[in-house]
Amino acid sequence: MDEIRLTGMHFYGYHGALAEERRLGQRFRVDVTLRLSLGAAGKSDSISETVDYAAVYGDVKQVVEGPPARLIETVAERIGETILRRYDKVCEVCVEVEKPGAPIPGVFDAVAVRIVRRRDA
C-alpha cells in the first residue's frame, strides 16, 4: 500500500484533562499517514486520482482547533474518523498527536498517542 504523509503540523488547541489546559490551551503537533493506492495518480498526473493534501490539512486543523476534548486519544480518533469519512480513496489512516506541554513533572519532549484506523470493507 502506498502512503501520503503530512508531518509536523502544529496547531493551538484547548484539549486536556485539567480545566486549566482547556482554559489556556496549548500547542499540539500532528502527523497523519494516509494509506491508499497511488498508482493511478502517478500514471495520470491528475489530482482527482489522489487526495488533496491541503484539504486534509484543513480537516486536521479544524479538529485540533475545534471543540475541546479531555484526551488526546479523542483528538486522534476524531481526526481518523474525519479522514476516513471524507476521503473514500483512503483505506487506512495513522494519526499521531503529540502534546509537548503535558502537565507532567519531569523532563520530556512530548506525550503522544498513535492510532491506526481502517476502512470497514
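**Aromatic pairs and the packing of helix 4**

Two aromatic pairs are found in the structure, which is a predicted model. In one of them, the ring centres of F11 and Y57 lie 5.3 Å apart and the planes meet at 45 degrees, so this pair is classed as tilted. The pair ties together distant parts of the chain, since F11 belongs to strand 1 (residues 2-13) and Y57 to helix 3, with their positions 46 residues apart in sequence. The two partners also differ in their surroundings: F11 is buried at a relative accessible area of 4%, whereas Y57, at 35% relative accessibility, is partly exposed. The value for F11 falls under the 20% limit that defines a buried residue.

The other pair is formed by Y12 and Y14, with ring centres 5.7 Å apart and planes at 75 degrees, so the arrangement is edge-to-face. An angle over 60 degrees is what places a pair in that class. Here Y12 is partly exposed, with a relative accessible area of 41%, and Y14 is likewise partly exposed, at 34%. For readers comparing the two cases, it helps to recall that a pair of aromatic rings is described by the distance of the centres and the angle of the planes.

F11 also has a link to another residue of helix 3, namely K61. The C-alpha atoms of K61 and F11 are separated by 6.7 Å, although the two residues stand 50 apart along the chain. Once neighbours within four places in sequence are set aside, the contacts of K61 are with F11 and G66. K61 itself is partly exposed, with a relative accessible area of 33%. F11 of strand 1 is thus seen in a ring pair with Y57 of helix 3 and in contact with K61.

Turning to the overall layout, the protein contains four helices and four strands, and these follow one another along the sequence in the pattern β-α-β-α-α-α-β-β. The C-alpha trace spans about 50 × 25 × 25 Å along its principal axes. Of the 121 residues, 40% are buried. Among contacts between residues at least 6 apart in sequence, 61% join residues at least 24 apart. The exposed surface comes to about 7100 Å², with 51% of that area supplied by carbon and sulfur atoms. As for charge, there are 18 positive and 19 negative charges, and their mean positions are 3 Å apart.

Helix 4 offers a good view of the packing. This helix covers residues 72-86, 15 in number, and reaches 21 Å from its first C-alpha to its last, close to the 21 Å expected at 1.5 Å a residue. Which of its residues are buried? They are I72, V75, A76, I79, G80, T82, I83 and L84. These buried residues pack against elements from several parts of the sequence: strand 2 (26-36), helix 3 (53-64), strand 3 (92-99) and strand 4 (111-118). R85, also in helix 4, is by contrast exposed, with a relative accessible area of 62%. The C-alpha atoms of R85 and R119 are 8.9 Å apart, while 34 residues separate the two along the chain.

Two loop residues complete the description. L18 sits in the loop between strand 1 and helix 1 (19-24) and is partly exposed, at 44% relative accessibility. L18 and Q62 are 44 residues apart in sequence, and their C-alpha atoms are 22 Å apart in space. D45 is located in the loop between helix 2 (39-44) and helix 3. Most residues other than glycine have a negative phi. Phi of D45, however, is positive, near 60 degrees, in a residue that is not glycine. D45 is exposed as well, with a relative accessible area of 73%.

Key:
Residues are numbered from 1 along each chain as its sequence is written. This is a predicted model: local features need pLDDT of at least 70, side-chain atom pairs count only at pLDDT 80 or more; totals for chains, interfaces and linings use all residues. Side-chain values use heavy atoms; hydrogens and water are left out. The expected span of a helix is 1.5 Å times one less than its number of residues. Buried means under 20% relative accessible area, exposed over 50%, partly exposed in between (1.4 Å probe, protein chains only). Contact means heavy atoms within 4.5 Å. Accessible areas come from the Shrake-Rupley method with a 1.4 Å probe; for residues, only the protein chains shown count as cover. Lys and Arg count as positive and Asp and Glu as negative; His and the chain ends are not counted. The place of a charge is taken as NZ of Lys, CZ of Arg, CG of Asp or CD of Glu. Rings of Phe, Tyr and Trp (its six-membered ring) pair if their centres lie within 6.5 Å; planes under 30 degrees apart count as stacked, over 60 as edge-to-face and the rest as tilted.
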